Structure formats: C-alpha cells, structure tokens
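Me: I want the reasoning behind the labels, not just the labels. Can we go through this model one call at a time?

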Amino acid sequence: MVELLLGGEVGVPGPMVRRFDVSGSGGVRLAAWEFADPPKSDGADGERGRGAVLLLHGLMGRAAHWAETARWLSTRHRAVALDQRGHGRSARPADGSYTREAYVADAQAAVERLGLAPVTLIGHAMGALTAWQLAARRPDLVRALVVCEMRASALGPASQREWNEWFRSWPVPFATLADVRRWFGEGDPALERPRPARGDFYAEVMAERADGWRPVFSRRQMLHTRETYVHDAYWEDLALVQCPTLVVRGLDGELGRAEAHEMVRVLPRGAYAEVAEAGHLVHYDEPEGWRRVVEPFLETALPA
C-alpha cells in the first residue's frame, strides 16, 4: 500500500510524505516513509541517483526522527526511513518477537520489497546494530554503511537495570507536550546538562490520551527488545562488514572515543567521525554537524 499524507499530522513533519506498507519477518506490518521526492535520473544509476538509503532509528525512535536527514539526502538519493516493529506506525506484535533476527529480517524485507538494493544503511543506536548485522549477513544488498552511537561491546545487565529504573522515573502521564519537552530536555535526572533537542525528540514519540500525554510505544516491549541485545558483543559481525563504513559518535554521547576507534580498526573499510556539542541523539542535537560528517563520506563511498 502507498499512502500520501499531508504534513502536520502527528509524527509527519513537512509538507507531504509517502507511506509504504511492507510485510516484515513473520508477516509483521511495517511502515516505511519517504519525506521527499527521489532524485531524477542522472544517467549513472537510473532513477536512483547515487542509490537508495534506508534510515533505521534507535530504540524508542521512529522514522519521522529522520525527516530532516532524509530531505537533504533526497537531493542525490532515494531516502526511505523505516518504523521498526514496535515503533511508530508499524505493528506491535504481542507475542514477544522482538529478537535481533526479527529486526534484521525486517530491514532486509524493506530493502528487497521496496527495491532499494544495493542500499546505503544509516542507523542510530539499535538501528545501527541492525544495519551492520544486515551488512555482515547480506553484503550483496548493502553498498555503504553509517553507524551512529552504537557500541560493539556488551552493554551488560547493570545497564538493563538502569533502563528499567529510568523508565519507572518517567512522570507519565504528562499534562502537556511542553511538559514532555521540559522533562526530557531539562528535568530528567539522567541528564548531565540541559538538551532542548532531546525534549523535541521525545515529544515526537508521545500521543495524547484521555489522561494526558503518553509514549506511543510500550515501555515493557522496549525493555524486552533491549534485553535481546545488551548481553552480547557484536565485534564478529562488525568484522564481516565489507562495505565502506563510517562510525559516528557525539562528543558527549554514549559511544566512547576509544571504542569507536577500535570499531574502525576492526572494520575492513572503516572511517571515523565525531560531532562536537552532540550527545547521543547526534542528528537531533547537531543536525548541521551531523550532515557535515555524513555527506562527505557518502560522496566518497558512493561516487556518481
């Protein structure tokens, strides 16, 4: 199904977007989005310009978080963002099928069924892990890779406990969207300093209910999803990625510089970039800095 939506709907910024429904692993319905028209043919790759890009958000994210990135990418690429299972407008399976295998298979289904291959994958956090696992397993489908703010080492059980406690600290329901922005951008005890962009990020994953504003996702499902990957390391998958890969970290993010450099060393064709003044949500904190590191990499990795 293809559906045109006018901007201004919840989670649909900008003048107009296209929604595509894709059948993912186990038949789960996934929503994919184009936030701008694809480029016209340049004679090099037919109608795809420099090829297609699939954008994969992180845990608790949604495709709409990539809208600004997708719009500047669309001048040279067909840029598609995927609502991953349990997120955004995609289905939320009740049977607990939130495994690594399911997420990777969903991304593969989107690439194949939307005709994106060979694709450039751009992933943030959990979406970055999905991206490099797909690149490792199906190198024929992936042309280049951007990995943002995801560690290859195991995050560990203590990290999972911290997330559980953090979810419990949320003062839901929020009375207004302004309260959402204020708490996540300033009041959250997990913050070391105010980050207004973080408040905007979380405002996009809230919906108004009878008693106030609540997350559009299930926090229980998010914890379950995270449980499936926090106990393992993913260095072996990283070493199998054959395409050009950019590892990006925010200077104040969750991926440390030493680990990021080790990831680049392990990657057969790795490169490194960091964005000053950015935290974990690099593309929200510093959108211009994010573009300055990603765009040149794509120019080099994907020559016209």
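Me: What makes the largest cavity a cavity, and how much space lies in it?
Reply: This is a predicted model. About 80 Å³ of space lies in the largest cavity. The label cavity applies because a 1.4 Å probe fits there but cannot get out. By the rule of 30 Å³ or more, the count is two cavities.

Me: Which residues line the largest cavity, and which helix gives the most?
Reply: The lining consists of Arg-50, Trp-72, Leu-73, Thr-75, Arg-76, His-77, Glu-295, Leu-298 and Glu-299. Helix H11 (287–301) and helix H1 (67–73) each supply at least two of the lining residues. H11 gives the most, with three. By class, the lining has four charged, three nonpolar and two polar residues.

Me: What makes the largest pocket a pocket rather than a cavity?
Reply: The term pocket is used because the set of points is open, with protein on both sides within 12 Å along at least five of seven lines. The volume of the largest pocket is about 1,000 Å³. Its lining has 32 residues, and Trp-163, Arg-198, Gly-253, Glu-254 and His-280 lie nearest the centre. Helix H4 (157–169) and helix H6 (196–203) are the elements that give two or more residues to this lining. H4 gives the most, with four. The lining divides into 15 nonpolar, 11 charged and six polar residues.

Me: Why is strand E6 called largely enclosed?
Reply: Six of the six residues of E6 (residues 119–124) are buried, so the strand is largely enclosed by the rest of the structure. Both faces are covered. One side has Val-119, Leu-121 and Gly-123. The other has Thr-120, Ile-122 and His-124.

Me: How do you know that E6 pairs with strands E4 and E7?
Reply: The cut-off is at least two bridges. Four bridges join E4 (residues 52–56) to E6, in parallel. E6 and E7 (residues 142–148) have six bridges, also in the parallel sense. Both counts meet the cut-off, so both are pairs. Leu-54 stands opposite Leu-121 of E6. Thr-120 has Ala-144 of E7 as its bridge partner. With helix H3 (residues 126–137), E6 and E7 make a right-handed β-α-β unit.

Me: Why is there no disulfide between Cys-148 and Cys-243?
Reply: The sulfur of Cys-148 is 16 Å from the closest cysteine sulfur, in Cys-243, so the two are too far apart for a bond. The cut-off is within 2.5 Å. The disulfide count is zero. Cys-148 has a relative accessible area of 0% and is buried. Cys-243 is buried too, at 9%.

Me: Why do Ala-125 and Glu-149 count as buried?
Reply: Buried means under 20% relative accessible area. Ala-125 has 10%, so it counts as buried. Glu-149 has 3%, so Glu-149 is buried. Ala-125 is in the loop between E6 and H3, and Glu-149 is in the loop between E7 and H4. Phi is near 55° in Ala-125, a positive value in a residue other than glycine. Phi of Glu-149 is also near 55°.

Me: Which peptide bonds to Pro-118 and Pro-173 are cis, and what are the omega values?
Reply: The bond from Ala-117 to Pro-118 is cis, with omega near -10°. Pro-118 lies in the loop between helix H2 (100–113) and E6. A cis bond also joins Val-172 and Pro-173, with omega about 0°. Pro-173 sits in the loop between H4 and helix H5 (177–187).

Methods:
Residues are numbered from 1 along each chain as its sequence is written. This is a predicted model: local features need pLDDT of at least 70, side-chain atom pairs count only at pLDDT 80 or more; totals for chains, interfaces and linings use all residues. Side-chain values use heavy atoms; hydrogens and water are left out. On a 1 Å grid over the protein atoms alone, a cavity is a set of points where a 1.4 Å probe fits but cannot get out, and a pocket is an open set with protein on both sides within 12 Å along at least five of seven lines; lining residues have an atom within 4 Å of a point. Grid points are joined across faces, edges and corners, and a volume is the space filled by probe spheres set on the points. Ala, Val, Leu, Ile, Met, Phe, Trp, Tyr, Cys and Pro count as nonpolar, Asp, Glu, Lys and Arg as charged, and the others, Gly among them, as polar. Buried means under 20% relative accessible area, exposed over 50%, partly exposed in between (1.4 Å probe, protein chains only). A crossover is right-handed if, with the strands pointing away from the viewer, the path from the first strand over the helix to the second runs clockwise.
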